[in-house]
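Me: I would like to go through this structure term by term, and for each label I would like to hear what justifies it. Please set each value against its definition before you conclude anything.

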Amino acid sequence: MAMIAKQCPDISVHVVDLNAARIQQWNSDSLPVYEPGLDEVVRESRGRNLRFSTEVDQAIRDADIIFIAVNTPTKISGIGAGRAANLEFIEKCARQIARCSSGHKIVVEKSTLPVRTAEAVKRILQSAGNGATFDVLSNPEFLAEGTAIEDLLLPDRILIGGESDAAVEVLASVYGRWVPRNRILTTNLWSSELSKLAANAFLAQRVSSINAISALCEVTGADVDEVSRAIGMDSRIGSKFLKSSVGFGGSCFQKDLLNLVYLCEHFGLREVATYWEQVVAMNDYQKRRFSERIVRTMFNTVSDKRIAIWGFAFKKDTNDTRESAAIRVCRDLLQERARLVIYDPRVSESQIRYELQAIWADQFGELSEQHKKLIDTNVVVAKDCYEASKDVHAIAVLTEWDEFTTLDFQKILSTMHRPAFVFDGRNILDRAALTKLGFEVHGIGKPTPCAR
Ligand code: UGA
């Protein structure tokens with residue numbers, strides 16, 4: 001919305017939310033999300049044609065186009081628990097829009113939704129019975145966190161699904177202010193909804209595929225980065241999204257895959273469901289494999305050993321921790337009674353503790369006093385990599401922050417126990433240089449180093 005406001009100064013954009021604290025942050029100098037370039041974009045339009053408030057009813061009444069951008073988390077109970085999307089917030093929005101509208105409105109699904117949700121939204125809107133009329137469009141978002149501003153400025157494509165050509169054209173003309181027309185695709189509603197799920201499933205599948213190969217590299221002596229480069233140069237395969245890692249995270253991949261699996265099952269396509277489910281299973285395996293490798297390498301015990309965790313966000317250039325592989329790895333190590341010293345340049349201590357408590361509560365149904373105490377005492381949050389790495393037996397790199405590659409590793413080594421283990425879950429460190437200094441570096445999909 002901030003980008004639309006920036007590119008279309010004549011369009012008035014009003015962002016509303018029930019969460020007053022959130023809105024207050026959007027109106028402050030400290031935005032609730034860290035995203036390179038976002039501050040400037042918001043600052044440029046806020047107070048001009050971009051407004052943040054909690055006046056939901058009024059904003060609905062005033063608007064010609066309403067974007068629904070609420071979250072659709074995976075259901076945790078009831079039918080489809082653990083897979084299906086929770087559409088409670090979408091439905092509440094649709095009902096509120098129906099109640100407050102008059103005249104004609106275009107309602108745009110921006111949230112990622114299961115196929116055929118637009119149908120339900122349409123029925124709810126039409127049931128208002130107050131004379132208002134609606135067109136429903138699907139306009140999924142393809143930006144990635146960390147590169148959101150460039151993705152929005154120069155998107156590969158804008159996708160608009162809808163039945164009314166006139167409504168589709170209204171929305172296309174908004175994006176058309178800065179996006180070349182040949183990048184604005186129009187489809188039917190269901191294709192648009194499905195394309196979003198399919199795009200994320202394909203991207204996640206590439207990561208799981210290269211991660212599957214990484215396991216094979218580790219036992220055969222092949223190097224996953226070399227394999228990735230070799231296959232990526234085939235123009236039919238392409239080089240993007242072939243970076244092996246400790247596992248994909250983020251709020252979308254797993255959720256959307258599970259959503260797709262649920263849809264397939266719903267329509268009786270068991271084989272198709274099983275196929276996509278395997279992408280999630282491979283990701284779980286990759287995360288588990290990483291923590292098991294740490295324990296195995298460190299003489300089968302990390303109990304009472306200090307381990308530095310570099311990075312907690314699910315990728316660099318974001319403070320988002322949702323589904324971050326770091327959460328799972330830290331939990332596994334804590335269960336082995338390791339002592340963790342965590343540092344992330346953008347994630348707050350309270351967020352780190354929140355995630356660790358949440359995953360525990362998830363695993364055992366509740367967070368017992370004993371587990372809470374374990375997290376309280378065995379997790380320390382440091383202010384930088386140097387502080388995090390003091391007096392530790394190992395370093396685990398879990399997010400690919402640029403600053404991790406330009407440190408004084410001699411200084412870091414001098415404060416560590418020997419052997420000085422490094423487990424590079426992102427393959428960002430210079431293995432040769434670090435090995436020469438005296439570290440024992442274990443990378444993802446890299447040959448196991450000989451013990452010194
Ligand atoms: C993803 C998609 O890339 C966006 O197109 C989509 O709009 C978005 O989900 C969404 O549905 O909202 P995002 O989750 O922000 O974007 O970030 P990605 O860059 O896709 O990374 C996802 C995860 O995969 C990260 O943990 C990243 O580290 C990991 N990854 C990515 C790899 O491990 N290897 C790669 O080669 C690429």
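Reply: Two strands pair if DSSP finds at least two bridges between them. The model is predicted, and in it 5 strands form an open sheet with mixed pairing, in the order E3-E4-E5-E6-E7. The edge strands are strand E3 (65–68) and strand E7 (184–187), each of which pairs on one side only, and from one strand to the next the twist averages 30 degrees.

Me: How do you know that E3 and strand E4 count as paired?

Reply: The requirement is at least two bridges, and E3 is joined to strand E4 (residues 104–109) by 4 bridges, with the two strands running parallel; the requirement is therefore met. One of the positions can be given by residue, since Ile-66 has Val-107 in E4 as its bridge partner.

Me: What packs on this sheet, and at what angle to E6?

Reply: Helix H8 (residues 165–175) packs on the sheet and touches E3, E4, strand E5 (133–138), strand E6 (158–162) and E7, with a direction that makes about 165 degrees with that of E6. Helix H9 (residues 189–220) lies across E4, E5, E6 and E7, and runs at about 140 degrees to E6.

Me: Why is H9 called oblique to H12?

Reply: The axes of H9 and helix H12 (residues 270–297) come within 9 Å and cross at roughly 45 degrees. Angles under 35 degrees count as roughly parallel and those from 65 to 115 as roughly perpendicular, while the rest, apart from those over 145, are oblique; the crossing of H9 and H12 is therefore oblique. H9 passes H12 in a left-handed crossing. The residues of H9 that take part include Phe-202, Gln-205 and Glu-218, and those of H12 include Tyr-275, Trp-276 and Arg-293. By class, this contact of H9 with H12 has 10 nonpolar, 6 polar and 3 charged residues.

Me: What makes H11 roughly antiparallel to H12?

Reply: H11 and H12 pack at an angle of about 155 degrees, with their axes 7 Å apart. Because angles over 145 degrees count as roughly antiparallel, H11 is described as roughly antiparallel to H12. The crossing in which H11 passes H12 is left-handed. Among the residues that meet are Leu-257, Val-261 and Cys-264 in H11, and Ala-273, Trp-276 and Val-280 in H12. The residues of the contact of H11 with H12 divide into 10 nonpolar, 1 polar and 5 charged.

Me: Why is Gly-249 called buried?

Reply: The relative accessible area of Gly-249 is 9%, and buried means under 20%, so Gly-249 qualifies as buried. Gly-249 is found in the loop between helix H10 (224–232) and helix H11 (253–266). Not counting residues up to four places away in sequence, Gly-249 touches Phe-314, Arg-322, Glu-323 and Ser-324. The C-alpha atoms of Gly-249 and Thr-321 are separated by 8.1 Å, although these residues are 72 residues apart along the chain.

Me: What makes E10 and E13 the edges of the sheet of 6 strands?

Reply: This open sheet has the order E10-E9-E8-E11-E12-E13, with parallel pairing. Strand E10 (379–381) and strand E13 (439–443) each have a single partner strand, so one side of each is left without a neighbour in the sheet. The twist in this sheet averages 20 degrees from one strand to the next.

Me: How do you know that E8 pairs with E9 and with E11?

Reply: At least two bridges are needed. Strand E8 (residues 306–310) and E9 are paired in the parallel sense over 5 bridges, and E8 and E11 in the parallel sense over 4 bridges, so both pairs satisfy the requirement. Arg-306 stands opposite Arg-339 in E9, and Trp-310 stands opposite Val-397 in E11.

Me: Why is strand E9 described as mostly covered?

Reply: In strand E9 (residues 339–343), 4 of the 5 residues are buried, and buried means under 20% relative accessible area; the description therefore follows from that count. Helix H14 (residues 349–364) touches E9 and E10, and its direction makes about 155 degrees with that of E10. Helix H15 (residues 369–378) also lies across E9 and E10, running at about 45 degrees to E10.

Notes
Residues numbered from 1 in each chain as written. Predicted model: local features only at pLDDT ≥ 70, side-chain atom pairs only at ≥ 80, totals over all residues. Heavy atoms only, no water. Axes fitted to C-alpha atoms, helices over the stretch in contact; angles between N-to-C directions. Contact = heavy atoms within 4.5 Å. Left-handed = near helix turned anticlockwise from the far one by under 90°. Nonpolar A, V, L, I, M, F, W, Y, C, P; charged D, E, K, R; others polar. Buried < 20%, exposed > 50% of the residue type's maximum accessible area, 1.4 Å probe, protein only.
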